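Biologist: Could you walk me through this model, one question at a time? I am new to reading structures, so please show me how you get to each answer.

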Amino acid sequence: MHEAFDVGGSLAATLPGFSPRPEQGFLAVAVALALASGEHLVAEAGTGTGKSLAYLLPALETRQRVVVATATKALQEQLLSKDVPAAARALGRDVDVVLLKGRQNYVCRRQLHSFGPMLLRAPRDEEAFEALQSWFASTNTGDRAELTREPSESLWAELSVGSDRCGGRRCPHVSTCFAEAARARAGEAELVIANHALYFAHLAAGGGVLPEHDAVVFDEAHRIEETAASWLGGRVSRAGLRRLAADVERACREAAQPLPARALERIERAGERLLGAVAPPVGRRRLRELPVEDALVLIDALAGLAEALHGHLEGLDLLSERAVGVAERVEECMDAGGLDRVVWAEPDAVAWAPVDVSNELRHRLWSEGPTAILVSATLTTGENAGFIRRRLGLDEARELVVGSPFDFRDQVLLYLPREMPDPRSEGFAGRAAEEVLALLSLSRGRALILTSSYRALELMRARLAGRVPYELLVQGDAPRERLLERFRDEVDSVLLATSTFWQGVDVPGESLSLLVIDKLPFSAPGDPLIEARCEAIAAAGGDWFRDYALPTAMLQLRQGFGRLIRSDADFGVVAILDARLRTRAYGRSFLAALPRVPIVEDRAAVAAFFAGEDSGAMAAHPVG
């Protein structure tokens, strides 16, 4: 591995523009050692390390079957189109790689076979369905990603199936099934690229979703806990109940069997009553208990449907099993007691999740599963990855921390403005907007503004609209990738975002020269899952703030900070408008977790930076 990543090595010989980075070589060696020994590895590698090649080369060199699970489609596409071909050239051989997706990404032969106009709920869906006919006839993969015209979610829901609707090996179309064909190809490949959700669906199902494999690489591993909690829990939704009813109606019609209309009506009424009693119009609301009578009525109605469908034809038996599964999920949502699970309601659904995934992952993945490599730019909150490992139950693992090859001291200026109000005060939103306007005039746009919530985003939008002489792009006004494409192309544009834009945004070059963070990214205290985790920590004798809220926010801030510098040629300013970095003792912990960069508190220093003046003359001091 040292040779491959060194001057004159195989990567330098086959990858144009390759420049050796010691950090990349160290990571590759650690991955190779972990795969050889079967010992799990937790590796933090700073931005610009070249993590993908650092784990792909040693993984492929072992000839083990490896699954790479990512959190984003963008990284999957990068691996498939760029990094795997580069690794193959360096190895001097072909690599058999397959990108495997969840079933809902493939068109379903059975759905197509029984598709009828009565399933189309809008004229545009009918037009889109007609436009797809040539693709249906010519596609070899059935993969939605091939489409140049994106169908509506309602249409695609009728053309594809998720795991809950799939008949699997009992489906009459299994021999020509696109999803099964993809799985068969994956079963022969040496490298399978998937996402976190599919991997934990595999884990939750007890296997069978992914092919057998010797090792798994979790890239973007800082997001594992949230995905695991989602897939190890369950949910019951209005859409799911309606989908079940529609599938029953279709199956009975095709099989010339009488429709269990009374059972379906009972399910609809019971579902509406239960969800109407608990589901909020927006957001999530924690449930300490589900209305018992309403839940039992729905369970009984589902049991009645299962009984009515059972014992006739195989297709109806499958739907009977589905009805039983939905009833079991309702029962799971009724159990809201204790500290080990949390139940909540959201618009049109109730759901539950384990409060702590560490025991499940400890026994079902780390102890019994393949060798695991966890890689991310943000896995530590101090000197080690203890927080992440405790949250994931990963007791035995090697650790590696390698920094970024970027020169943050020369490339970044951190601006902490003086005299900002407390971010929880009424006057903060207005003062923050005025600060942003002043900074945008210095940076000439070219800015990403990350807010702490959707409410903060809307307040910032209202105060900037009409006052910014640059294109203002706002999360929610267009699909994420379209916004990012415009942000890259329209160099002086300003992107206002929250939530998922704190991570996975890769905009090298001049288009992102100013990064503004309005507040320290503490999790919303009212979120049911966050609240339950904090309660469990306190009940065990821990400090919920020190042991969970603070390190979680530190990791999120590091993710946000990492959006600015994406290449050796990038320069820019990070402005954090939260006064608590100066006024609270924990502010030093946040600053110590960031790269060591000059810090200034005078806006004139920012003006000087953007004017190209000598930053060494500014009143600055290194972090820490």
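Biologist: Which glutamate has a side chain joined to that of Arg 286 by a polar contact of 2.9 Å?

Modeller: Happy to help, and please keep in mind that this is a predicted model. Look for Arg 286 in strand β7, residues 285-287. Its side chain has a polar contact of 3.1 Å with the side chain of Glu 535. The polar contact of 2.9 Å is with the side chain of Glu 531.

Biologist: Is Arg 286 buried or exposed?

Modeller: Leaving aside neighbours within four places in sequence, Arg 286 is in contact with residues including Val 342, Trp 344, Pro 528 and Ala 532. Its relative accessibility is 18%. The cut-off for buried is under 20%, so Arg 286 counts as buried.

Biologist: Which helix lies across β7?

Modeller: Glu 531 and Glu 535, the partners of Arg 286, are a good place to start. Helix α22 spans residues 528-539, and this helix also lies across β8 (341-346) and β9. It runs at about 55 degrees to β7, and its name is α22.

Biologist: What is the strand order of the open sheet of four strands?

Modeller: Begin with the edges: β6 (234-237) and β7 each pair on one side only. β6 pairs with β9 (residues 349-354) in the antiparallel sense over four bridges, and Arg 235 stands opposite Ala 351 in β9. Neighbouring strands of this sheet are turned by 25 degrees against each other on average, direction ignored. With antiparallel pairing, the order is β6-β9-β8-β7.

Biologist: And which strands are at the edges of the open sheet of seven strands?

Modeller: This sheet has parallel pairing, in the order β3-β4-β2-β5-β10-β1-β11. An edge strand pairs on one side only, and that description fits β3 (97-99) and β11 (398-402).

Biologist: In that sheet, which residue of β4 stands opposite Val 68?

Modeller: β2 (residues 66-70) and β4 (residues 191-195) run parallel and are joined by five bridges. Following the pairing across to β4, the residue opposite Val 68 is Ile 193.

Biologist: Which residues have the most contacts inside the largest nonpolar core?

Modeller: In soluble globular proteins, nonpolar side chains tend to be buried together. Here the largest nonpolar core has 62 residues, and its largest share, five residues, comes from helix α22. Take Leu 374 as an example: not counting residues up to four places away in sequence, Leu 374 touches residues including Leu 41, Ala 221, Ile 224 and Leu 392. The residues with the most contacts inside this core are Phe 218, Leu 361, Trp 366 and Leu 374.

Biologist: Why are the buried residues of α20 on the same side of that helix?

Modeller: Helix α20 covers residues 454-464, and Ala 456, Leu 457, Met 460 and Leu 464 are buried there. The face turned away from the buried side carries the exposed residues Tyr 454, Arg 455 and Ala 462. The buried residues are on the same side because they cover an arc around the axis of only 100 degrees.

Biologist: Which strands are among the elements covering those buried residues of α20?

Modeller: The cover includes a helix, α19 (428-443). It also includes strands, namely β13 (447-450), β14 (472-474) and β15 (494-497).

Biologist: Which residues of β13 are buried on each of its two faces?

Modeller: In a regular strand the side chains alternate between the two faces of the sheet. β13 has a parallel partner in β15, with four bridges, where Leu 450 stands opposite Ala 497. β13 also pairs in the parallel sense with β16 (residues 514-517) over four bridges, and Ile 449 stands opposite Val 516 there. Both faces of β13 are covered, with Ala 447 and Ile 449 buried on one side and Leu 448 and Leu 450 on the other.

Biologist: One last thing: how far apart are the C-alpha atoms of Val 324 and Ala 306?

Modeller: Val 324 is found in helix α15 (residues 314-334) and is partly exposed, with a relative accessible area of 38%. Along the chain, Val 324 and Ala 306 are 18 residues apart. In space, their C-alpha atoms are separated by 6.3 Å.

Definitions and conventions: Residues are numbered from 1 along each chain as its sequence is written. This is a predicted model: local features need pLDDT of at least 70, side-chain atom pairs count only at pLDDT 80 or more; totals for chains, interfaces and linings use all residues. Side-chain values use heavy atoms; hydrogens and water are left out. A nonpolar core is a set of buried Ala, Val, Leu, Ile, Met, Phe, Trp, Tyr and Cys residues joined through side-chain atoms within 4.5 Å. Buried means under 20% relative accessible area, exposed over 50%, partly exposed in between (1.4 Å probe, protein chains only). Contact means heavy atoms within 4.5 Å. The arc is that of the directions from the helix axis to the C-beta atoms. A polar contact is a pair of N or O atoms within 3.5 Å; within protein, one must be able to donate a hydrogen and the other to accept it, and residues adjacent in sequence count only if both atoms are side-chain atoms. Two strands pair if DSSP finds at least two bridges between them. Axes are lines fitted to C-alpha atoms, for helices over the stretch in contact, and angles run from 0 to 180 degrees between N-to-C directions.
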